[in-house]
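Trainee: I should like to go through this chain with you, one question at a time. May we begin once it is displayed?

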Amino acid sequence: MIRGSKFEPEENKNRVSSSRCCRYCQQIFQPSRYRPQQSVCSEPDCQRRRRSDYHRERIRRDSTYAEDVRASQKKWQQAHPDYWTQYRQQHPEAAERNRSRQRQRDQKRRLLNLAKNNLALDLKHEASEVWLVGPGMKDLAKNNLASAKVFIYQPLQSLTREARRS
Ligand SMILES: [Zn+2]
């Protein structure tokens with residue numbers, strides 16, 4: 001890549017000194033003069049999120065990188081076979097939080113599939129099988145189907161019981 005002032009658009013130069021809004025915490029911050037494109041503030045939490053988003057995104061589009069990550073995870077797991085079992089025993093609340101997040105992701109995926117497959121039309125006929133919860137509604141609402149249909153809410157509690165049983 002060629003780096004030099006004559007190749008830089010005027011607007012980039014002006015942006016160097018201007019403050020901006022952090023992509024994650026929405027706070028105003030001053031980008032580093034060494035990284036004029038910086039879109040995330042320097043708070044540790046925001047930097048952690050930036051790194052993990054970058055990591056996830058790179059795994060998604062770079063298959064060599066994804067393979068390396070899988071291989072090194074496997075190697076690490078072989079060297080520490082009991083790590084997660086012990087971690088779950090020592091941190092029951094974290095394990096429960098992970099399970100609940102996984103359930104939310106599953107619910108969201110099912111919601112998206114519903115919307116994608118146009119099954120929403122049948123929602124009102126199959127009330128017993130349908131549940132729509134808070135976090136997924138945003139995604140479903142993006143779909144045009146949402147405005148015209150009837151949604152049935154089922155308390156999250158009974159979902160939790162269902163998940164435990166299975
Ligand atoms: Zn931030």
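Trainee: How far does helix 3 reach from its first C-alpha to its last?
Mentor: This is a predicted model, in which local features need pLDDT of at least 70, side-chain atom pairs count only at pLDDT 80 or more, and totals for chains, interfaces and linings use all residues. Residues are numbered from 1 along each chain as its sequence is written. Helices (H or I, at least four residues) and strands (E, at least two) are DSSP runs numbered from the N terminus. Helix 3 has 17 residues, 63-79, and its expected span (1.5 Å times one less than its number of residues) is 24 Å, close to its reach of 24 Å.

Trainee: How many residues of helix 3 are buried?
Mentor: A residue is buried if 20 or more other C-beta atoms, placed from the backbone, lie within 10 Å of its own, exposed if 12 or fewer, and partly exposed in between. Helix 3 is hardly covered, and among its 17 residues the buried count is 0.

Trainee: What is the count of buried residues in helix 2?
Mentor: Helix 2 comprises 18 residues, 44-61, and reaches 26 Å, close to the 26 Å expected. This helix is also hardly covered, with a buried count of 0.

Trainee: What percentage of the chain counts as buried?
Mentor: The chain contains 8 helices and 2 strands. Of its 166 residues, the portion that counts as buried is 4%.

Trainee: Is Q26 buried or exposed?
Mentor: Q26 lies in the loop between strand 1 (20-21) and strand 2 (28-29). Its phi is positive, about 65 degrees, although Q26 is not a glycine. Because Q26 has 9 C-beta neighbours inside 10 Å, it counts as exposed.
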